[in-house]
Structures are given as structure tokens and as C-alpha cells.
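Me: I am new to this structure and would like to be guided through it by questions and answers. Please show it to me.

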Amino acid sequence: MLGNLGENLTNTMKKLVGMSVIDKKTIKEVVKDIQRALIQSDVNIKLVLDLSKKIESRALEEEPPKGITPREHVITIIYEEMVNLLGSEAATLEINERPYKILFLGLQGSGKTTTIGKLCRYLQKKGFNPAVVCTDTWRPAAYEQLRQLTEEMDVPLYGDPNNKDALDLAKKGLQEFKNRKVIIFDTAGRHKEEADLIAEMDELDNIINPNEAILVIDGTIGQQAGEQAKAFSQATDIGSIIITKLDGSAKGGGAMSAVAETGAPIKFIGTGERVDDFEIFDPERFISRLLGMGDIKSLIEKAEENIDEDIAEKTMNNMLTGKFTLMDMKNQFEMMNSMGPMQQVLNMIPGMGNKISKEASKMTEDKIDSYKIMMSSMTEEEMLNPKIIKQSRIQRIARGSGVDESDVKELLKYYNNTKKTMKGLGKRSGRLGGGAMNRMMGQFMNR
Ligand SMILES: Nc1nc2c(ncn2[C@@H]2O[C@H](COP(=O)(O)OP(=O)(O)OP(=O)(O)O)[C@@H](O)[C@H]2O)c(=O)[nH]1
Ligand SMILES: [Mg+2]
């Protein structure tokens, strides 16, 4: 649907999920991608810029609510702002009077007649039995087209191919179906003039006195749809909109956002030529699908399965308060495995990255693996209280893990250095403010 828009946006979201760090740079990159996709879909530049500004500033300034990772937070912001672009609330068709008279209007070929078929099917499923009146005296086979459509669905139709007076047809149709629950009036399509459309509505309005006038707009015209919707919604307060041909239309995003901007309620969208290619327009559901949120949710879950957040938090706390044990170091190594190089993590801590990363960058994966093996030869007591690891224990650990005593000593030295640096970091973090520190750590944990 919507040409490549959905695909582009879904890919952007997937990219966001896969990014190793969520920071200013990556947020800007994601916003750029979204901009490009929307502009390609003919969304008005000003709307696109407003949207990107909002996403960017919210993503950079708002703190993720508790229990929400920064990544999820950014995804939520994008989702919410995209939904706002389309007007946020779903407008529904309410059949609240009998007969409920619906007048269809629209430019030539916009999809009125096809959409009437779709709406009939929709209403039938809801338990209403609609009837249709053909007032189109313009299109040569208008009556025949409707007859075929309605016959298939057992929908009663009033029309007369020999009568060339649209107003008379409307009157007679009204009479014919005055006891039905819903009557739908098809009309002849107008040329490119908005004024023409409005004039037609006025004329038919007098006779039919519709409960609802529906303007059908061809989604392939892109943001031009806004002008039509505006003129229409200014002329009537009983108007709603159906946008058609959103299947594969590269400009559909432009049409939808432009109409939403006018405040005219979009009630349904058409997504194909068949009678079932029709859906209620619900901005939340629509955007969710456009962004591929179903997939995104499971991707996030997968990314987070890798990290046991409790362990991560405890380790971090111990690191910062100087209680750092070998157990914490082991946990840290496990986390590094699922998160990528230590250096990247440390670079996120302002001012401290360089200092530690020199030490950390010496750590190759092989080294970490050999450290892990040595640690698995240690007792829990040793892990939690490394001070007790003296010569005889070193000997035992070296033997148990098949390494030299000097390797065990090196591990202990690395541990002591890290602990010292972490302690300094903790003091600094006090100055930084616990909140800021926690946020950064949260970010690190949740990558
Ligand atoms: N792909 C696609 N085609 C559609 C959709 N809706 C309508 N069409 C096609 O658009 C063309 C015009 O549809 P109609 O329903 O005849 O349009 P109309 O507004 O009644 O046209 P007039 O009565 O001449 O003004 C037909 O070929 C339909 O099959 C849609 O949602 N998707
Ligand atoms: Mg028609």
C-alpha cells in the first residue's frame, strides 16, 4: 500500500532497532530517512519539516518513562507523531437516523461508484441493508455499472437509464426507499472544479437532505487532495471523506496528510478495485501497519532478551560505588558479548570514555574468553571477595583453567585497575547528578 512508503518506513524502523547506540546522530539519521520517505510520498514539505522537528526534539529531550528503553521511546515518539500527522482519532460512520441518507460526491473517476459497492458490503456486514439510488445521468453506462455491483450483493437499486434529470431521479429514489434504513445516492462525477462539486451538493442537498455527504477523493492526486477537502468541509458540516486508490499509490501519503490537515474526517480508505478492498480509517492502526510495528515489537523483544537488565543494573551500581567484584566483572563481560565493544559503551560517558577505553581497548575477545575461563575456576567466595585470592589460590585457579599463574595475576591486575577507575567514575558521576548517570547507564544497558 502507498507505493514504497510503507516499505521505506518499515525499513527505517528496523534500522533503528538494529542501531548499536541511540544518540543524537542516529536520531538525526532516522529522521532524515523518514523525511525522505514522506517527501517521496508527496507529503507537504512544511508538514514533513514540522514532523521531523517534533520527533527530533522529543527524542532528544524527553526522558523515556520508567520501564521503556530509549529505543522503544524513540519508536513510540515516531509512531505518535506520525499518527498526529493523520489526525489521530478515527472518525466513524454512525447510522443514527432512519432512513440515513448518504450522498456521494467526487470528481470524475475518483471511485464513487466502486466505493458505493464497497460501503454497501461493509454495511451489510454490520447488519444494515442499504439501498442505492443512481442519479448519474452523465456517464453512459452508469446505471449498468451500479446494477452489476448491487445485484451481486443483493442490494436494491433505483435508477432509470432513460431519465436524464438527476434531481428527478433523486426524488423518485427517495420515495422508493423511504422505509429503508440506509439510502446511498450515487452522482455523476464532476470535472476538475471544486466550485462545481459544491454547487451539485447544494442542488441535491435541497432534494435529498442527506444525513451525510461523502466526498470521494482519488489518492493518486497527492497533496492536491487538501484543496478539495478544504472547500468541501467549509461548505458542509455533515461531510466526511473517503480516499481511494491507496493501493500502490506513491502519492497516497500526501493525499492523506493534506486531507487530515484540513480537519475533514477521513472515514474510510479504498485499497483496491475489489469490493472488499476497503477499510475503516483508523490513524493508529494505519500508521502501526505502515511502520511495521508488529515486526518492530518482536525485534525489540529479541534485542532485549540478550540483556538481563537486573544484572546489568546491579553491576553498574557496584561499579560506580566501588563495590565492584570479580562477579560484576564477569557479568560485565557477558554484557559486552551481547552489546559489542566495551569502548563504545564507555564513550557514552562524557569525559570518561578515553581514560578507560585505553585499558578496555586492549581487551581482545580471546582475552575476555580466557578471563572468563579463569573466573569459572574460581569459587563464589573468591568472585565476591577477590582480596582473598593469594598465591595458593592463584596456583589452583591456573591449574584448573589450564593457564599460567602469570595469566591469573594479569586478570587480577586488570580487575584492580578497572575497579580503581570505576571508583573515580562513580565520584564524578556524583557531580554529574545521579539522574544523568542513570540515564546514560540505562541507555547503555538497553542498547
Ligand atoms: N486500484 C484502485 N482502483 C480503484 C479504487 N477505487 C476505484 N478504482 C477504480 O477507479 C476507476 C473509476 O472508478 P469509479 O467507481 O467508476 O469512479 P466514479 O467516481 O464513479 O467515476 P464517474 O462516475 O465517472 O465519476 C475504476 O476503474 C475503478 O476500478 C481503489 O481503491 N483502488
Ligand atoms: Mg460513477
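Me: In what order do the 8 strands of the open sheet lie?
Reply: This is a predicted model, in which local features need pLDDT of at least 70, side-chain atom pairs count only at pLDDT 80 or more, and totals for chains, interfaces and linings use all residues; side-chain values use heavy atoms, without hydrogens and water. Residues are numbered from 1 along each chain as its sequence is written, while chains are lettered from A and ligands numbered from 1 in the order in which they are written. Strands are DSSP runs of E with at least two residues, helices runs of H or I with at least four, numbered from the N terminus, and two strands pair if DSSP finds at least two bridges between them. The pairing in this open sheet is mixed, and the order is 3-2-4-1-5-6-7-8.

Me: Which are the edge strands?
Reply: An edge strand pairs on one side only. That applies to strand 3 (157-158) and strand 8 (278-280).

Me: Which residue of strand 4 is the bridge partner of Tyr100?
Reply: Strands of a sheet pair through backbone hydrogen bonds, either parallel or antiparallel. Strand 1 (residues 100-106) and strand 4 (residues 182-186) pair in the parallel sense over 4 bridges. The partner of Tyr100 in strand 4 is Val182.

Me: Where is Pro99 placed?
Reply: The peptide bond that leads from Arg98 to Pro99 is cis, with omega near -5°. Pro99 belongs to the loop between helix 4 (70-85) and strand 1.

Me: Which helix gives the largest share of the shell around ligand 1?
Reply: Ligand 1 is surrounded by 19 residues, each with a heavy atom within 4 Å of it; the closest are Lys112, Thr113, Thr114, Asp247 and Glu273. The largest share of this shell is 4 residues, and they come from helix 5 (residues 112-125).

Me: How much of the accessible area of ligand 1 does the protein cover?
Reply: In polar contacts (pairs of N or O atoms within 3.5 Å), an oxygen atom of ligand 1 lies 2.7 Å from a side-chain N or O atom of Glu273, and a polar side-chain atom of Gln145 is 3.1 Å from an oxygen atom of the ligand. A backbone N or O atom of Gly109 lies 3.0 Å from a ligand oxygen. On its own, ligand 1 has 650 Å² of accessible area (Shrake-Rupley method, 1.4 Å probe), and the covered part is 82%.

Technical notes
Polar contact = N/O pair within 3.5 Å; in protein donor to acceptor, adjacent residues only side chain to side chain.
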